[in-house]
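The following exercises ask the reader to examine a protein model step by step. Each task is followed by a worked solution.

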Amino acid sequence: MISVFQMIVITDIIGAIILFITSYYSLKAYKKTTLKVFLFLSLGFILLAAGRISHSIIFMTISYTKPVRLLIKATSVTASFITLFSEVLAYSLIAIGYSRNNTKILAVHPIIYIRQIFVQTIGEVINIFLLLFIVFRSATIYLTNKKRLTLTTLLAFISLLVSHILKFISLFGMMEPLFLLSKFIYFIGLLFFLVMLLEVETAK
Amino acid sequence: MKQRRSKLRILADILGIIFEENGARVTQILYGANLSYDRLVKYLDELKAKELITEKRDDQGARYYLTKKGKDFLKEFKKIEKFAEAFGVQI
């Protein structure tokens with residue numbers, strides 16, 4: 001039976017693969033067209049992927065080595081910070097790209113916990129605002145061209161936005177189900193990217 | 001207002017016409033790609049130099065064909081075009 005912990009790691013790895021492929025396509029598009037928007041998208045997606053990978057590696061290490069409780073707490077805090085930092089940077093890059101174009105929170109030491117909540121909250125607020133901008137731009141593009149592929153990208157970014165809003169709410173109340181739901185919706189968002197990539201790959 | 005086509009788009013348009021016609025003459029490409037003769041000749045020379053097309057001559061003049069490299073380029077362009085479409089980017 002797969003535990004919730006392992007489930008998070010699995011979705012992180014699958015998500016990272018999808019993000020790496022998206023980044024690869026963006027880089028390929030940049031090389032062919034030299035349009036900077038693709039370079040920003042590529043860097044943004046690679047950072048999101050790197051964040052997911054580092055998060056899953058740290059969690060896998062904890063899962064298999066079973067270190068002392070204090071070390072578990074410290075590493076999960078570090079993992080959260082790495083993911084958060086990469087996400088803020090990634091969404092900033094994706095937002096720049098668009099503007100150029102038309103863990104479960106473990107109970108930790110109170111001071112560390114408060115600091116973590118503070119940084120996490122600020123980071124999540126930044127992420128939400130960046131994603132709001134990205135969703136707005138993406139929606140505008142969809143309303144202009146009404147293409148299915150643009151809708152898929154819009155749905156992907158909406159899912160990421162909803163996921164971050166849920167994660168933000170779960171930070172205050174330590175609501176585990178809400179946190180897991182945010183993880184699930186994030187994964188759904190990445191699946192939308194996968195659908196988009198499959199459609200791109202089969203383009204004739 | 002109609003946007004200006006990028007060079008990449010023009011080259012892909014030319015390759016697309018040659019592909020659809022399964023070998024095309026200059027006049028066919030001229031109509032399809034909506035270019036002046038001088039510009040078309042310049043682009044055809046570039047495509048030949050990049051080995052994306054080959055020229056074969058008969059009694060009616062020159063006919064252009066896609067090379068394997070040209071077909072691969074066109075296929076790749078279509079994918080990039082689709083990817084760009086997903087993010088609302090016009091190539």
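In this predicted model, helix H3 (residues 37–49) of chain B lies across S2 and S3 of chain B, and its direction makes an angle of about 110 degrees with S2(B). The exercises begin with the strands beneath this topic and then turn to single residues.

**Exercise 1.** Determine the order of the strands in the open sheet of chain B, and state how they pair.

*Solution.*
Step 1. Consider S2 (residues 53–58) of chain B, which pairs with S3(B) in the antiparallel sense over six bridges. B:Asp58 stands opposite B:Gly61 of S3(B), and a hairpin of two residues connects S2(B) to S3(B).
Step 2. Consider S1 (residues 24–25) of chain B, which is joined to S3 (residues 61–66) of chain B by two bridges and runs antiparallel to that strand. Here B:Ala24 stands opposite B:Tyr64, while B:Arg25 has B:Arg63 as its bridge partner.
Step 3. Combine the two pairings: the open sheet has three strands in the order S1-S3-S2, with antiparallel pairing.

**Exercise 2.** Explain why one side of S1 and of S2 of chain B is left without a neighbour in the sheet.

*Solution.*
Step 1. Recall that strands of a sheet pair through backbone hydrogen bonds, in a parallel or an antiparallel manner.
Step 2. Recall the order S1-S3-S2 in chain B. S1 and S2 of chain B stand at the edges and have a single partner strand each, so one side of each lacks a neighbour in the sheet.

**Exercise 3.** Locate B:Asn22 and decide whether this residue is buried or exposed. Do likewise for B:Asn34.

*Solution.*
Step 1. B:Asn22 lies in the loop between helix H1 (7–21) and S1 of chain B. Its phi is near 55 degrees, a positive value in a residue other than glycine.
Step 2. The relative accessibility of B:Asn22 is 63%; because the cut-off for exposed is over 50%, B:Asn22 counts as exposed.
Step 3. B:Asn34 lies in the loop between helix H2 (26–33) and H3 of chain B. B:Asn34 is not a glycine, yet has a positive phi of about 55 degrees. At 62% relative accessibility, B:Asn34 counts as exposed.

**Exercise 4.** Identify the residues that make the nonpolar surface patch of about 340 Å², and classify the accessibility of A:Ile2.

*Solution.*
Step 1. The patch is made by A:Ile2, A:Met7, A:Ile10 and A:Ile14.
Step 2. A:Ile2 belongs to the segment before helix H1 (4–33) of chain A.
Step 3. With a relative accessible area of 49%, A:Ile2 is partly exposed.

How values were computed: Residues numbered from 1 in each chain as written. Chains lettered and ligands numbered in written order. Predicted model: local features only at pLDDT ≥ 70, side-chain atom pairs only at ≥ 80, totals over all residues. Heavy atoms only, no water. Pairing = 2+ DSSP bridges. Helix = DSSP H or I, 4+ residues; strand = E, 2+ residues; numbered from the N terminus. Patch = residues over 30% accessible without salt bridge, like charges linked within 9 Å, V, L, I, M, F, W, Y side chains within 5 Å. Areas by Shrake-Rupley, 256 points an atom, 1.4 Å probe, with all protein chains shown as cover. Salt bridge = Lys/Arg side-chain N within 4 Å of Asp/Glu carboxyl O. Buried < 20%, exposed > 50% of the residue type's maximum accessible area, 1.4 Å probe, protein only. Contact = heavy atoms within 4.5 Å. Axes fitted to C-alpha atoms, helices over the stretch in contact; angles between N-to-C directions.
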